[in-house]
Amino acid sequence: MGAYISKIRCKNFKTFKNVTIDLIKGFQAIMGPNGSGKSNICDAIRFALGETRLSALRAKTMSNLITYGSNHTEVTLVVETDEGKYEITRYASREGSGGYKLNGKKSTRTAII
């Protein structure tokens, strides 16, 4: 029946220090007042799926994606398909290092895409 994102975990990503968002299959609405982080959820999904243009993530530098006071960020998407669950993780540090994991194992951006 297709794939869908069932969970988003953000650690030190923009305004999220440590948050897990559970999603159900089907239509999702994200509501809240201005400044509550609605757009940051979309940015987290794009980041995890390999977006390389910082302007598309509304940031000037990679360190703009990392919560103030932290040295690294990590976003994990749990994608459910008819075949099973997959965890896609992207991480980055202020020093410029980063990478991807697929089901907990190091991966490449090409494999994620």
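Two strands are taken as paired where DSSP finds at least two bridges between them. By this criterion, in the predicted model, strand β1 (residues 4-13) pairs with strand β3 (residues 72-81) in the antiparallel sense over seven bridges. Within this pairing, C10 is placed opposite V75 in β3. On pairing with strand β2 (residues 16-22), β1 is again antiparallel, here over six bridges, and I8 faces I21 of β2 across the two strands. The connection between β1 and β2 is a hairpin with two residues between the strands, and K14 in the turn adopts a positive phi of about 50 degrees.

The pairing continues beyond β3. Strands β3 and β4 run antiparallel and are joined by ten bridges, one of which involves V78, whose bridge partner in β4 is E87. A hairpin of two residues connects β3 to β4. Between β4 and β5 there are five bridges, also in the antiparallel sense, and I88 stands opposite L102 in β5. These two strands form a hairpin with four residues between them, and G96 in that turn has a positive phi of about 105 degrees.

Taken together, six strands make up an open sheet with antiparallel pairing, in the order β2-β1-β3-β4-β5-β6. Its edges are formed by β2 and β6 (105-107), each of which pairs on one side only. From one strand to the next, the twist averages 20 degrees. In a regular strand, side chains alternate between the two faces of the sheet.

Helix α1 (residues 38-48) lies across β1, β2, β3, β4 and β5, and runs at about 100 degrees to β1. The buried residues of this helix are N40, I41, D43, A44, F47 and A48. Because they cover an arc of only 165 degrees around the axis, they are on the same side of α1. The packing partners of these buried residues are β1, β2, β3, β4 (84-93), β5 (98-102) and α2 (109-112). After α1 comes G50, with a positive phi near 105 degrees.

Two consecutive positions of the helix illustrate the two environments. I41, located in α1, has a relative accessibility of 11% and therefore counts as buried, the limit being under 20%. Beyond residues up to four places away in sequence, I41 touches I8, F16, I21 and I30. The C-alpha atoms of I41 and A56 are separated by 13 Å, with the two residues 15 apart along the chain. C42, also placed in α1, has a relative accessibility of 44% and so counts as partly exposed. Its C-alpha atom is separated by 17 Å from that of A92, a residue 50 positions away along the chain.

The largest nonpolar core comprises 20 residues, and those with the most contacts inside it are I8, C10, F13, F47, L65 and V75. At least two residues of this core come from each of β1, β2, α1, β3 and β4. The greatest contribution is that of α1, which supplies four residues. Several residues named above recur here: C10 and V75, which stand opposite each other in β1 and β3, are both among the residues with the most contacts inside the core, as is F47, a buried residue of α1.

The surroundings of I8 link several of these elements. Neighbours within four places in sequence aside, I8 is in contact with V19, T20, I21, L23, I41, I45, V75, T76 and L77. Among these contacts are I21, the residue opposite I8 in β2, and I41, a buried residue of α1.

A further buried position is found outside the helices and strands. S70 belongs to the loop between α1 and β3 and, with a relative accessible area of 6%, is buried. The side chain of S70 makes a polar contact of 3.0 Å with the side chain of K17. With neighbours within four places in sequence left aside, the residues in contact with S70 are N12, K17 and R94.

Technical notes
Residues numbered from 1 in each chain as written. Predicted model: local features only at pLDDT ≥ 70, side-chain atom pairs only at ≥ 80, totals over all residues. Heavy atoms only, no water. Buried < 20%, exposed > 50% of the residue type's maximum accessible area, 1.4 Å probe, protein only. Contact = heavy atoms within 4.5 Å. Arc of directions from axis to C-beta. Axes fitted to C-alpha atoms, helices over the stretch in contact; angles between N-to-C directions. Core = buried A, V, L, I, M, F, W, Y, C linked by side-chain atoms within 4.5 Å. Polar contact = N/O pair within 3.5 Å; in protein donor to acceptor, adjacent residues only side chain to side chain.
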